[in-house]
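This report goes through the side-chain contacts and surface features of one protein chain, topic by topic. The sequence and the structure come next.

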Amino acid sequence: MKGPERAVQMTTASPGVCGKPLLAWRAFKVFAQSYQPQPWELVTNWKGCHFPTGTHYLWVNHRRFYLSLQLFRQYVRAAYQVLDMGVFPGTWVRLVQDLCPDLNVSLVGAGLELKPGFRDYMLSRGVSLFAVDLDRPTLEYREPIAPSALPCEAGQFDVVCAFEILEHLRNPFHLMSEVSRVLKPGGHLLLSTNSVCYIMNVLRLLVGRTVYWHLDLLHAHRNELETREHVREYTVRELRFLFQQYGLEPVRFVLFDAAEYAARRLSLLDRGRFLISKLASVVPWYRPNIFAVARKADTLTPPELNAHWG
């Protein structure tokens, strides 16, 4: 099977299906190529990779966005209240509004980098925004740069989306605590993050290199609103543990390859990495990305944070 449909799924409960089918993979790829980005969605030099002029966030991550939309349509009903964590640069919100108009969901965005132009654009699309820093400081030298709690009522949202933010947080427990608080009983968390078991991470360790971005003391101290580097990547077992501490029942895990190389200018070394990644992807655990779905339990028990990650 070609395209992102080749992702391996581990399901512990059957999802509900709602709404019309999403665009076929080829049609979505054409849509992504012709997408008209806003200035803040453009990508030039990102994660150490160089992209052709005009490349945008959707095209770089089109496989991940396609899979996230598939999951979204399976767990969302019409007129649901949806919270998008890490809303910047707004690409996900645009896709939901443009490709899932039949769901007519109410969208709220939370995160950092809510600059005036971006904020005004989101408000013009009917999306409420608020600044929040969910990486609650755990070290004395780091001052909060935004409120650390979501300004939302308990049980306000039917679905919370947290795509590609968990790996940037020093304190994932605070995020999960807030997600559990604002989700309705029976509501769902849709999350994507990076897998620490990715084959390139395994090979880096074998040759004595780290799987994380370089140590930077200034980065550890800085308080800017810019995107933070990866602090920790996860295994499926760790995500399952993290969910369970806050009354979130693991429902589904999907291991996949986002294949961001499609938009890059590939050097010879990059081509070699790409080939290794593709060959290793026949083993699901070696794929670089994880989608996870968790359901908030009807009855919550206090988290046991002294438990081991396993």
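Is Tyr75 buried or exposed? The model discussed here is a predicted one, and in it Tyr75 is buried, because its relative accessible area is 4%, which falls under the 20% limit for that class.

## Tyr75 and its surroundings in sequence and space

Tyr75 belongs to helix α3, which covers residues 62-75. Although 114 residues separate Tyr75 from Leu189 along the sequence, the C-alpha atoms of these two residues are 9.4 Å apart in space.

Helix α3 also holds Arg73, the partner of Asp102 in a contact that is taken up below under salt bridges.

## Aromatic pairs

The count of aromatic pairs comes to 13. One of them joins Trp25 and Tyr66 in an edge-to-face arrangement, with the ring centres 5.3 Å apart and an angle of 65° between the planes. Trp25 lies in helix α1 (residues 25-34) and Tyr66 in helix α3, so this pair ties together parts of the chain that are 41 residues apart in sequence. Both Trp25 and Tyr66 are buried.

A further edge-to-face pair is formed by Trp40 and Phe118, for which the centre-to-centre distance is 5.8 Å and the angle between the planes is 85°. Here too distant parts of the chain are linked, since Trp40 sits in the loop between α1 and β2 (45-46) while Phe118 sits in helix α5 (residues 116-124), 78 residues away. With a relative accessibility of 23%, Trp40 is classed as partly exposed, whereas Phe118, at 1%, is buried. Ring pairs also connect Trp25, Phe28, Phe31, Tyr35 and Tyr66 into a cluster, so that Trp25 and Tyr66, the edge-to-face partners described above, both belong to this cluster.

## Salt bridges between distant parts of the chain

Across the whole structure, eleven salt bridges are found. In one of them Asp102 is paired with Arg73, and the closest N and O atoms of the two residues are 2.8 Å apart. This salt bridge links the loop between α4 (91-99) and β5 (106-111), where Asp102 is located, to helix α3, where Arg73 is located, the two residues being 29 positions apart. The partners fall into separate accessibility classes: Asp102 is partly exposed, with a relative accessible area of 34%, while Arg73 is buried, with a value of 4%.

Asp98 and Arg125 likewise meet through their side chains in a salt bridge, with an N to O distance of 2.9 Å. Asp98 lies in helix α4 and Arg125 in the loop between α5 and β6, so that this pair again links distant parts of the chain, 27 residues apart. Asp98 is partly exposed at 38% relative accessibility, and Arg125 is also partly exposed, with a relative accessible area of 23%.

## A salt bridge within a helix, and a network

Glu178 and Arg181 form a salt bridge in which the closest N and O atoms are 3.0 Å apart. Because these residues are three positions apart in helix α6 (residues 172-182), about one helical turn separates Glu178 from Arg181. Glu178 counts as buried at 6% relative accessibility, whereas Arg181 is partly exposed at 29%.

Salt bridges also join Glu249, Arg295 and Asp298 into a network.

## A buried aspartate in a loop

Asp135 is located in the loop between β6 (128-131) and β7 (157-163), and with a relative accessible area of 1% this residue is buried. The side chain of Asp135 makes polar contacts with two backbone nitrogens: that of Arg170, reached at 2.9 Å, and that of Asn171, which lies 2.9 Å from a polar atom of the Asp135 side chain.

## Cysteines

How many disulfides does a search of the whole structure find? The search finds zero. Among the cysteines, Cys100 is buried, with a relative accessible area of 2%, while Cys197 counts as partly exposed at 26% relative accessibility.

## A nonpolar surface patch

On the surface, Leu203, Leu206, Val207 and Ile276 form a nonpolar patch whose accessible area is about 370 Å² together. Leu203, one of its members, is placed in helix α7 (residues 199-206), and at 30% relative accessibility this leucine counts as partly exposed.

Notes:
Residues numbered from 1 in each chain as written. Predicted model: local features only at pLDDT ≥ 70, side-chain atom pairs only at ≥ 80, totals over all residues. Heavy atoms only, no water. Patch = residues over 30% accessible without salt bridge, like charges linked within 9 Å, V, L, I, M, F, W, Y side chains within 5 Å. Areas by Shrake-Rupley, 256 points an atom, 1.4 Å probe, with all protein chains shown as cover. Salt bridge = Lys/Arg side-chain N within 4 Å of Asp/Glu carboxyl O. Helix = DSSP H or I, 4+ residues; strand = E, 2+ residues; numbered from the N terminus. Buried < 20%, exposed > 50% of the residue type's maximum accessible area, 1.4 Å probe, protein only. Polar contact = N/O pair within 3.5 Å; in protein donor to acceptor, adjacent residues only side chain to side chain. Disulfide = S-S within 2.5 Å. Phe/Tyr/Trp six-rings, centres within 6.5 Å; stacked < 30°, edge-to-face > 60°.
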